[in-house]
Amino acid sequence: MEKSQSEQVFEVKNLEHTIAIAEEQLAVIRRENEESKAAIMAAKKELREDTSHAIANLWSKDSFSDLVNFSQYANQVSDKLSEYDQQARKIQALEKLIDSPYFARIDFKFDGVADFEKFYIGRSSLHEEQSYEMAVYDWRSPISSVFYRFTLGEAFYDSPGGRITGQVNLKRQYEIKRGQLEYYFDADVQIIDEFLRKLLSQNASSQMKTIVETIQKEQDMIIRDMEVDLMMVQGAAGSGKTSVALHRAAYLMYQGLTEKLTHNNIVVISPNRLFERYIANVLPELGENQVNSLLFDDILSNLLQREDIQTKNQFLEYVLTSDRQAEGTIAKEAMKFKGSSQFVEILNRFTADLPMRWLQFTDIYYDGRVLVSWQLLKSQLLQSNPEVLLSLRLRRLEKSILKSVHKERKERMEKLRNIIAQKPEHEFEVEEVARMLSIQESTVLIKSIRKFTELDCFELYRKLFSDKNYFYSLAKGLELPDCIEDILNLTRKNLQKKELQHDDALALTFLQLKTKGNADSKAIKQVVIDETQDYYPIHFEILKELFPKARYTVLGDIHQTIGKQESMDLYARVAQILDKEKSTLVTLAKSFRCTQDILEYSAQFLSPGSTLNSFSRKGDVPEVFTAPNQAAFDQLILNEVNTCQEKNYQSIGIICKAEKDAIAIYERLKDKIPLQLINSDTVVDLIGVLIIPVYLSKGLEFDGVLICDVDAEHYHSDDDRNLLYIACTRALHRLNLFYTGDISPLLSAE
């Protein structure tokens with residue numbers, strides 16, 4: 001596009017002026033940072049020298065003033081460290097800003113005002129110290145939404161004071177690197193698409209990148225929605241839903257909800273450790289601290305305080321490698337049933353029934369007589385408020401028993417003294433021996449009380465399956481699977497094992513939360529859940545118990561479900577369980593990851609009637625290659641990897657159905673080319689040639705993808721159809737499939 005010389009000169013001068021402002025502020029804050037560093041060193045030295053005597057005598061009778069002085073010194077050091085850290089973060093932000101201060105500009109005229117104003121938009125804001133005039137607006141500021149949502153003409157944005165209307169007569173984008181203006185262009189729809197197409201044609205990044213320069217209108221609306229308590233996003237593979245969720249987290253930290261959010265108020269539930277690593281740089285690149293990140297496995301092990309729990313990926317590996325064996329099929333059905341709303345209802349009924357049937361109350365004896373009968377204890381518990389946690393009600397019951405004991409203790413101590421006084425061997429130690437006996441009696445008493453006031457959730461959960469008739473009585477009126485007998489038998493067998501199976505760990509966690517609660521997650525105000533389609537109702541019931549007051553951002557794609565089939569009804573179930581006042585479902589149907597050819601090929605694995613829109617970018621048509629034997633198969637893989645490397649692809653993903661298959665290929669090829677085997681514990685950047693099970697590849701992307709073993713043995717079911725869709729949509733630029741033997745019936749033979 002032709003640009004006038006004067007316009008070019010103006011943009012260069014504006015960039016120089018903006019960088020000069022940032023450099024001036026950087027110089028000031030660097031000096032302040034050095035002064036803070038010196039002050040910290042001096043304070044630490046003073047702390048060591050002036051408090052050494054105080055520390056040595058902290059526990060003397062005159063030590064209180066020394067302790068106060070020591071505390072004041074420590075607080076001063078802590079305050080200076082906090083100030084130093086804030087300055088360091090500001091230095092880092094200014095350094096990034098000097099490298100590339102902004103990426104866009106809009107010229108906006110407010111209604112009722114004569115002239116257009118220039119607004120430059122960057123990753124962080126910058127203002128002149130003296131005039132406080134804004135040189136750069138943060139991409140999250142209200143005015144910046146105009147850049148993302150409108151073309152030229154009438155526009156508006158929502159500010160804290162209400163809706164602001166006006167007109168846009170210029171949208172401009174810049175490429176600025178190392179403080180130099182490389183180029184700029186005035187954006188219309190066609191040019192923006194071409195810019196995005198060029199950006200998407202680049203190699204994959206080893207870690208997820210920010211998308212502030214290319215946020216689409218529908219993505220921006222998700223990011224900035226402050227009204228809903230439950231934001232649900234159904235997004236096609238490559239639609240940017242995870243990026244949008246992380247940018248939404250950054251926006252919420254910038255804006256706050258009803259109050260300012262910090263990184264400690266947000267948690268991301270990730271599918272695996274590799275994905276955690278992949279997304280780890282997004283928020284820091286946006287100038288925010290990394291938020292809490294958890295796998296659901298972490299939630300289970302933290303709450304149950306157990307390490308011997310089968311992980312989700314171990315469960316998937318077992319199911320995917322034994323799906324044609326009876327026990328593998330039953331294990332899958334057991335997960336489906338125990339994750340269901342029906343089983344949650346059974347657990348709720350079981351929890352309500354615990355005081356009536358499963359708590360073994362006993363008479364409480366003290367001083368040789370029944371102080372409280374078991375019938376009275378049970379009656380008191382049953383009459384207590386059922387809305388209060390059972391563990392809390394039992395604790396109150398224990399306190400009431402001990403209160404009754406305390407009333408009798410004085411009389412009991414007198415009896416003990418009299419008994420001891422009659423024994424000559426204790427003539428001179430009556431009080432001490434009586435007190436010791438009283439303590440022993442109390443210890444025995446408390447142990448007997450806690451047999452029914454302390455809950456062993458694992459043992460209670462085992463009792464749920466110990467009597468089939470009882471289980472069926474709890475399930476009355478609920479729809480049970482046809483193979484329920486097999487599920488009950490498998491569960492009893494599994495509960496004898498040392499390792500707790502994944503489905504039972506979920507059920508046990510829910511039971512524990514319903515009976516004991518959890519007070520450790522009150523700080524969490526926003527929960528981001530990725531790969532929602534892989535979760536069952538019980539997962540959301542657990543999250544509801546854990547984070548009852550949080551708002552939620554829920555991301556999923558029903559076509560990328562592993563181990564089960566899902567429909568759009570998923571989101572209605574999630575909304576019903578989380579039960580938030582305001583919820584919405586947004587669909588992101590356009591994929592920006594794959595070429596049009598790859599996406600069209602991937603669409604064959606979708607259910608009839610499904611729509612998948614691609615951002616138009618052409619490439620090679622995927623092909624399916626067959627080999628007569630394993631040696632020829634391996635050579636095909638080596639040739640394809642070599643072709644990808646000749647194209648200078650930075651990341652090449654060899655995707656297998658399961659870890660067992662990935663290990664087999666890795667062992668055969670590891671001495672022929674550099675390879676990385678990815679398993680559940682691997683945490684690496686996505687560079688080079690990686691062999692990975694399909695269930696670990698979700699959310700990731702590679703320049704080139706090779707899908708191995710697409711034969712009838714590996715891929716034959718509807719669940720396998722989802723796996724093939726997931727594997728295919730990991731590819732940015734090139735996709736090919738390989739097999740020996742009979743081709744999968746899910747693929748055309750062409």
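In which sense do strand S2 (residues 117-122) and strand S4 (residues 134-138) pair? Select both to find out: S2 and S4 pair in the parallel sense over two bridges. Strands here are DSSP runs (E, at least two residues) and helices are DSSP runs too (H or I, at least four residues), both numbered from the N terminus. Two strands count as paired if DSSP finds at least two bridges between them.

Before you go on, please note that this is a predicted model, where local features need pLDDT of at least 70, side-chain atom pairs count only at pLDDT 80 or more, and totals for chains, interfaces and linings use all residues. Residues are numbered from 1 along each chain as its sequence is written, and side-chain values use heavy atoms, with hydrogens and water left out.

**Stop 1: around S4**

Stay with S4 and pick Gly122, which stands opposite Asp138 in S4. Now add strand S3 (residues 126-127), which is joined to S4 by two bridges and runs antiparallel to it. Here Leu126 stands opposite Val136 in S4. S3 and S4 form a hairpin with six residues between them. In that turn, click on Tyr132, which has a positive phi of about 65 degrees.

**Stop 2: an open parallel sheet**

Next, show the six strands that form an open sheet in the order S10-S9-S13-S14-S8-S15, with parallel pairing. At the edges are strand S10 (292-295) and strand S15 (583-588), each of which pairs on one side only. From one strand to the next, the twist averages 15 degrees. Angles and axes in this tour rest on lines fitted to C-alpha atoms, for helices over the stretch in contact, and angles run from 0 to 180 degrees between N-to-C directions.

Zoom in on strand S9 (residues 266-270), joined to S10 by four bridges. Val268 stands opposite Ser293 in S10. Helix H9 (residues 296-304) packs on the sheet and touches S9 and S10, its direction making about 85 degrees with that of S10. Contact means heavy atoms within 4.5 Å.

Then select helix H21 (residues 569-578), which lies across strand S8 (230-235), strand S14 (551-556) and S15. H21 runs at about 165 degrees to S8.

**Stop 3: the annotated residues**

Now highlight Gly235, Ala236, Ala237, Gly238, Ser239, Gly240, Lys241 and Thr242, which an unreviewed UniProt entry lists for "binding site". UniProt positions are given in the numbering used here, feature names are shortened, and annotations may be inferred rather than shown by experiment.

Is Ser239 buried or exposed? Ser239 is buried, because its relative accessible area is 1%. Buried means under 20% relative accessible area, exposed over 50%, and partly exposed in between (1.4 Å probe, protein chains only). You will find Ser239 in the loop between S8 and helix H6 (241-255). Leaving aside neighbours within four places in sequence, Ser239 is in contact with Gln219, Leu588, Lys590, Ser591 and Phe592.

Move along to Thr242, which lies in helix H6. Thr242 is buried, with a relative accessible area of 12%. Not counting residues up to four places away in sequence, Thr242 touches Met208, Phe275, Ile279, Asp530 and Leu555.

**Stop 4: two crossing helices**

Select helix H16 (residues 457-464) and helix H19 (residues 502-516), whose axes come within 10 Å and cross at roughly 115 degrees. To see the contact, show Cys457, Phe458 and Tyr461 of H16 with Asp504, Ala507, Leu508, Leu511, Gln512, Thr515 and Lys516 of H19. By class, this contact has six nonpolar, two polar and two charged residues. Ala, Val, Leu, Ile, Met, Phe, Trp, Tyr, Cys and Pro count as nonpolar, Asp, Glu, Lys and Arg as charged, and the others, Gly among them, as polar.

**Stop 5: a second open sheet and its helices**

Finally, show the six strands in the order S18-S23-S22-S19-S21-S20, another open sheet with parallel pairing. Its edge strands are strand S18 (623-627) and strand S20 (676-677). S22 and S23 pair over five bridges, and the bridge partner of Leu706 is Asn736 in S23.

Add helix H23 (residues 630-646), which packs on the sheet and touches S18, S19, strand S21 (688-693), S22 and S23. The direction of H23 makes about 170 degrees with that of S23. Helix H24 (residues 659-669) also packs on the sheet, touching S19, S20 and S21.

Close with helix H25 (residues 718-728), where nine of the 11 residues are buried. Among the buried residues are Leu723, Leu724, Tyr725 and Ile726. The buried residues of H25 pack against helix H10 (312-321), helix H11 (326-338), helix H22 (596-602), strand S19 (651-656), strand S22 (702-707) and strand S23 (731-740).
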